[in-house]
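Let's take a walk through this structure together, one stop at a time. Have the sequence and the 3D view open, and turn the view as you go.

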Amino acid sequence: FDVKGHATGFGNPDWQRTHEVADKTAVVVTALLKNGAKCVGKTVMDELAFGITGENKHYGTPTNPNMPSNVPGGSSSGSAVAVAAELVDFALGTDTIGCVRVPASFCGILGFRPSHGAVSTIGVLPNSQSLDAIGWFARDPSILHRVGNVLLQLKAVEPRRGRHLVFADDLFQLSKVPKQKTVHVISKAVEKLSGYQLPKHVNFCQFIASNVPSLKGFCQHSTNLQNGISALQALSSAMVSLQRYEFKTNHEEWLKDVKPRLGPEVSRCVLAAINNTYENVKSLYKVRTEMRAAMQSLLKDDGILVIPTIADPPLKLKKGSSTEFHDRACALLSVASMSGCCQVASAVTRLKFSILYVVCNLDIRHLFNLAISSQVSVPLGEHDGCPISVSFVTYHGADKFLLDTVLDMYASLQEQVSMASNSAPLPDLNGNMDASELLKEKGNAAFKGKQWNKAVNYYTEAIKLNGTNATYYNNRAAAYLELGCFQQAEEDCNKAISLDKKNVKAYLRRGTARDSLLCYKEAL
């Protein structure tokens, strides 16, 4: 973000060295200053806004206040950390392929990515203008809302509308957090609030496979778009190609003239962007147009899609990000980036809710020991010591609707997170062996008849009667694989293996499940 009298660093000292100080302040910063905000400084970011870990080899990596040994997320890492560490009330950031949403999730705060084009980018360095959006972070939903009122120039009062949540069940399979926990907490939170309809459920990948026909050009040749999450992989591939194409258009000349020093991971991304030839550019933009129309069709004027913000917990510092981590992250992040929809990303650590938006290029190293440098993400407690984050996404242009929704349900979500963290799991039920065997045989018959849901139900009833039989879990895993329920299949295989370590079919089915979830090393 340009600030008059200061060089905009773009996270790289060679960029800062080869550019003059800004003679004007970015429109978004000016609007906030005119409405009473105080500019504290500039923060660290991933170089050239390329990256989602938040690490920077030149200036150091801002410390994640909740998990100091792990990355803060990026590219707007310093902005998220400044908010999470309570150094500032809110911070600005840019979000291209998750640069606000990821750090909001990893730092346990709220982050908002507005509809594409809803906030002026004049005075903001571009990474990929068709994907770039100006977002913000905050700890308090009311501040998140106030910043939105200023930047989006919202009307103070609007007639209240009904709302219905739409859970993308298949996307929760990519998350390490059990889907049931997330769905239960959110469903209970809105149960007693006025104006909320009963939640709906959708197989999101099947929906976009049917409604975004141009994705076929980005699908692996051997893969059917209707199979599992292949449609989401295709969407992610289109997003990355679009980002790289526009980045090359914007910055190739400077990169070739200056030959800047770049960190290894950023260097790989930049080289891929510069050296690639782009023969299907028109189809990239066509996917984007079709995806926006599909989201409008799915959500209409009162729907809010609920998805995991990111699939994996924060990586350990200096470990580098694997292809698997990047692929799984981009699969989820592509939904809002390629549709231009607004998204709120939120992560709650136990009883603490926060709001996060990433700010790029603010230098507060001398003040806070940080290095230079609409979707809403919402926190939902912890799982295995890491913050749980969920995202709410709604159609392009419905930014006020989404911000109002977060403000409306915030207190209720806090209450449900508290109740869920204190509740004990239900015990397993054991029962009659003969009855359970009969149910297994019924399940087998249903499976042979390709009645997968019925087979799952029979195997589940058998497990309730006898929870120590590995075959029941293994057979149910096979049915889950046919249904594309890969996370459930993996869990059943884990259980089968714990009961029978020589169950070869369970290992094979677990490998299939993990491969389908893009967990290639674990599959191997």
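Start with F247, which is buried, with a relative accessible area of just 1%. Keep in mind that this is a predicted model. Which residue does the ring of F247 pair with? That would be F50: the two ring centres are 4.6 Å apart and the planes meet at 65°, so the pair counts as edge-to-face. F50 is buried too, at 4% relative accessible area. Now look at where the partners sit. F50 is in the loop between α2 (27–34) and α3 (77–84), while F247 belongs to helix α8 (residues 230–258), so the pair ties together parts that lie 197 residues apart in sequence. A search of the whole structure turns up six aromatic pairs. There is also an aromatic cluster, made up of F10, W15 and W254.

Next, the nonpolar cores. In soluble globular proteins, nonpolar side chains tend to be buried together. The largest core here has 58 residues, and the members that touch the most others are F204, I208, L232 and L305. Helix α8 gives the most to this core, with eight residues. Domain 1 (6–205 + 301–353 + 377–422) and domain 2 (450–517) each supply at least three residues to this core. To get a feel for the place, click on F204: setting aside residues up to four places away in sequence, F204 touches A168, D170, L171, L232, M291, M295, L298, L305 and V335. A second core, separate from that one, has 48 residues, among them A26, V119, A398 and M409.

Helices are a good place to check some arithmetic. Take α6, residues 179–191: at 1.5 Å a residue, its 13 residues should span 18 Å, and the end C-alpha atoms are indeed 18 Å apart, so the two figures agree. Which residues of α6 are buried? They are K179, T182, V183, V185, I186, S187, A189 and V190. While you have a helix on screen, recall that an α-helix has 3.6 residues a turn, so residues three or four places apart point the same way.

The same sum can be done for α16, residues 470–483. Its 14 residues should span 20 Å at 1.5 Å a residue, and 20 Å is what separates the end C-alpha atoms, so this one agrees as well. Is α16 mostly covered or mostly uncovered? Mostly covered, with 11 of its 14 residues buried. The buried set is A470, Y472, Y473, N474, N475, R476, A477, A478, A479, Y480 and L481.

Helix α16 starts at residue 470, and that number comes up again in the UniProt record. The unreviewed entry lists "repeat: TPR" at residues 436–469 and 470–503. Over 436–469 the chain is 79% helix and 0% strand, with the end C-alpha atoms 10 Å apart. Over 470–503 the chain is 82% helix and 0% strand, and the end C-alpha atoms are 8 Å apart.

Now for some places where distant stretches of sequence meet. L131 sits in the loop between β2 (110–113) and β3 (133–138). Loop or not, L131 is buried, with a relative accessible area of 0%. The C-alpha atoms of L131 and T96 are 5.0 Å apart, although 35 residues separate the two in sequence. Beyond its neighbours within four places in sequence, L131 has contacts that include D95, T96, I97, M239, L242 and M338. L92, in strand β1 (residues 90–95), is buried at 8% relative accessibility. Its C-alpha atom is 9.8 Å from that of K42, 50 residues away along the chain.

Finish with some details of the backbone. The peptide bond from G74 to S75 is cis, with omega near 15°, and S75 lies in the loop between α2 and α3, the loop that also holds F50. Q153 is not a glycine, yet has a positive phi of about 50°. Q153 is in the loop between α5 (141–151) and β4 (164–168) and is exposed, at 71% relative accessible area. L518 also has a positive phi, near 65°. L518 is in the loop between α18 (504–516) and α19 (520–523), but is buried, with a relative accessible area of 2%.

How values were computed. Residues are numbered from 1 along each chain as its sequence is written. This is a predicted model: local features need pLDDT of at least 70, side-chain atom pairs count only at pLDDT 80 or more; totals for chains, interfaces and linings use all residues. Side-chain values use heavy atoms; hydrogens and water are left out. UniProt positions are given in the numbering used here, feature names are shortened, and annotations may be inferred rather than shown by experiment. Helices (H or I, at least four residues) and strands (E, at least two) are DSSP runs, numbered from the N terminus. Rings of Phe, Tyr and Trp (its six-membered ring) pair if their centres lie within 6.5 Å; planes under 30 degrees apart count as stacked, over 60 as edge-to-face and the rest as tilted. Buried means under 20% relative accessible area, exposed over 50%, partly exposed in between (1.4 Å probe, protein chains only). A nonpolar core is a set of buried Ala, Val, Leu, Ile, Met, Phe, Trp, Tyr and Cys residues joined through side-chain atoms within 4.5 Å. Domain bounds come from an automatic or database domain assignment. Contact means heavy atoms within 4.5 Å. The expected span of a helix is 1.5 Å times one less than its number of residues.
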